[in-house]
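Please look through the model shown here, moving from its open space to the charged side chains that pair with one another.

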Amino acid sequence: MVKHVILWKLKDEITGQEKEQVKAGIKEGLEGLAGQIPGLVEIKVRTECLPSSNADVMLDSTFENETALKEYAVHPKHVAVADGKVRPYTAVRSCMDYEI
């Protein structure tokens with residue numbers, strides 16, 4: 001099994017109500033991929049952060065293996081969510097993948 005964890009910082013110009021809408025869209029879009037992509041075992045998005053956080057959104061996902069993770073990265077359903085709900089609004093992306 002492989003864990004795929006991403007932290008995003010939203011663009012500075014996104015504030016208030018718009019920020020909450022963007023975070024909800026990211027969560028809905030990514031969690032909506034559950035059961036849609038082969039090899040994707042679990043996917044959770046966290047948007048409620050403590051004030052000590054320096055990221056706005058966290059993706060915590062699990063894949064059957066590294067091949068499944070690589071296929072997820074280019075899967076059309078994932079790419080549509082990434083291009084439509086994530087990339088336009090994020091300034092910084094940090095990723096860590098590891099075996100469990």
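What follows describes a pocket, one histidine in its lining, and several salt bridges.

The model is a predicted one, and a good place to begin is its largest pocket, which holds about 250 Å³ of space. Two or more residues of the lining come from each of strand S1 (2-10), helix H2 (66-74), helix H3 and strand S4 (90-99). The lining is made up of 15 residues, and those nearest the centre of the pocket are His 4, Ile 6, His 78, Arg 87 and Arg 93. By character, the lining residues divide into 9 nonpolar, 3 polar and 3 charged.

Among the residues nearest the centre of this pocket is His 78, which belongs to helix H3, a stretch that covers residues 76-86. His 78 counts as buried, because its relative accessible area is 11%, and a residue is called buried when that value is under 20%. If neighbours within four places in sequence are set aside, the contacts of His 78 are with Leu 30, Leu 33, Ile 37, Tyr 72 and Ala 73. With Ala 73 there is also a polar approach, since a polar atom of the His 78 side chain lies 3.4 Å from the backbone oxygen of Ala 73.

Arg 87, likewise among the residues nearest the centre of the pocket, leads on to the salt bridges. Side chains of opposite charge can pair when their charged atoms come close. The side chain of Arg 87 meets that of Asp 83 in a salt bridge, with 2.4 Å from N to O. Arg 87 is partly exposed, at a relative accessible area of 48%, and Asp 83 is partly exposed as well, at 43%.

In total the structure holds 7 salt bridges, and Lys 9, Lys 19 and Asp 56 are linked by such bridges in a network. Where does Asp 56 lie, and what does its pairing with Lys 9 tie together? In the salt bridge between Asp 56 and Lys 9, the closest N and O atoms are 3.9 Å apart. Asp 56 sits in the loop between strand S2 (40-46) and strand S3 (57-63), while Lys 9 is in strand S1, so the pair ties together parts that are 47 residues apart in sequence. Asp 56 counts as buried at 8% relative accessibility, whereas Lys 9, at 31%, counts as partly exposed.

Asp 56 also forms a salt bridge with Lys 19, where the closest N and O atoms are 3.2 Å apart. Because Lys 19 lies in helix H1 (residues 16-31) and Asp 56 in the loop between S2 and S3, this pair ties together parts that are 37 residues apart in sequence.

Note on methods
Residues numbered from 1 in each chain as written. Predicted model: local features only at pLDDT ≥ 70, side-chain atom pairs only at ≥ 80, totals over all residues. Heavy atoms only, no water. Helix = DSSP H or I, 4+ residues; strand = E, 2+ residues; numbered from the N terminus. Buried < 20%, exposed > 50% of the residue type's maximum accessible area, 1.4 Å probe, protein only. Polar contact = N/O pair within 3.5 Å; in protein donor to acceptor, adjacent residues only side chain to side chain. Contact = heavy atoms within 4.5 Å. 1 Å grid on protein atoms, 1.4 Å probe; cavity = no way out; pocket = protein on both sides within 12 Å on 5 of 7 lines; lining within 4 Å. Points joined across faces, edges and corners; volume = space filled by probe spheres on them. Nonpolar A, V, L, I, M, F, W, Y, C, P; charged D, E, K, R; others polar. Salt bridge = Lys/Arg side-chain N within 4 Å of Asp/Glu carboxyl O.
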